[in-house]
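I opened this model to look up its charged pairs and its nonpolar core, and I kept notes as I went. The entries follow the order in which I looked.

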Amino acid sequence: MACRISELVIDVADPERLAAFWSEVLGYVQLGREGDGSIEIGPPGAGFGGPQPTLVLSPGSAPRSGKLPLHLDVSATDRDQDAELARLLALGARPVDIGQTGTESWHVLADPEGNEFCLLRTRLQPL
């Protein structure tokens, strides 16, 4: 037997803002809210327990120091990497320099709160 990743919980300063950003990036919808201000987003029609993990954006105020020990990698499903990069930048992502050489096949970006994620070159089939 094995486990599956069912959800990722991310502490953020503004769950509303990050839920909107990541919903646009991933094509997710809001699935629910908790009394503590957490917002869960996930694939429409599937939700928790589906083939993709949901994201729980949980209010947190702990200061962040340095590079995150975990980050998300995303891949476009319906366009090439350059077109997807332009879309992500228009949504509020920004390029981040973490010491890349410039020859990488991926782009390092940050969401509106500065959480790093990578846009990979490989295009995936939609689920």
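**Entry 1, a salt bridge across the chain.** I began with glutamate 16, which forms a salt bridge with arginine 33, the closest N and O atoms lying 2.7 Å apart; for a salt bridge I require a side-chain nitrogen of Lys or Arg within 4 Å of a carboxyl oxygen of Asp or Glu. This pair links distant parts of the chain, since glutamate 16 sits in helix α1 and arginine 33 in strand β2 (residues 29-33), 17 residues apart. I took helices (H or I, at least four residues) and strands (E, at least two) as DSSP runs, numbered from the N terminus. Glutamate 16 is partly exposed at 44% relative accessibility, and arginine 33 is partly exposed at 46%. My cut-offs were under 20% relative accessible area for buried, over 50% for exposed and in between for partly exposed, with a 1.4 Å probe and protein chains only.

**Entry 2, what I am working from.** I note that this is a predicted model, in which local features need pLDDT of at least 70 and side-chain atom pairs count only at pLDDT 80 or more, while totals for chains, interfaces and linings use all residues. Residues are numbered from 1 along each chain as its sequence is written, and side-chain values use heavy atoms, with hydrogens and water left out.

**Entry 3, the charged network.** By the salt-bridge rule I count four salt bridges. In one of them, arginine 79 meets aspartate 78 at 2.9 Å, N to O; arginine 79 is partly exposed at 26%, and aspartate 78 is partly exposed at 48%. In another, arginine 87 pairs with glutamate 84, again with 2.9 Å between the closest N and O atoms, and both residues lie in helix α2, three residues apart, about one turn of the helix. Salt bridges that share partners join Asp78, Arg79, Glu84 and Arg87 into one network.

**Entry 4, glutamate 84.** Is this glutamate 84 buried or exposed? I find that glutamate 84 counts as buried, because its relative accessibility is 6%. Its side chain makes a polar contact of 3.3 Å with that of arginine 79 and one of 2.9 Å with that of arginine 87; a polar contact is a pair of N or O atoms within 3.5 Å, where within protein one must be able to donate a hydrogen and the other to accept it, and residues adjacent in sequence count only if both atoms are side-chain atoms.

**Entry 5, the faces of α2.** In α2 I find Gln81, Glu84, Leu85 and Leu88 buried. Seen down the axis of α2, the buried residues fall within an arc of 105°, so they line one face of the helix; the arc is that of the directions from the helix axis to the C-beta atoms. The face turned away from the buried side carries the exposed residues Asp82 and Ala90. The buried residues of α2 pack against α1, β7 (107-110) and β8, with contact meaning heavy atoms within 4.5 Å.

**Entry 6, the core.** The largest nonpolar core has 18 residues, and those with the most contacts inside it are Trp22, Ile41, Leu88, Leu109 and Phe117; such a core is a set of buried Ala, Val, Leu, Ile, Met, Phe, Trp, Tyr and Cys residues joined through side-chain atoms within 4.5 Å. Helix α1 gives the most to this core, with five residues. Not counting residues up to four places away in sequence, leucine 88 touches Phe21, Val25, Ala93, Leu109, Phe117 and Leu119.
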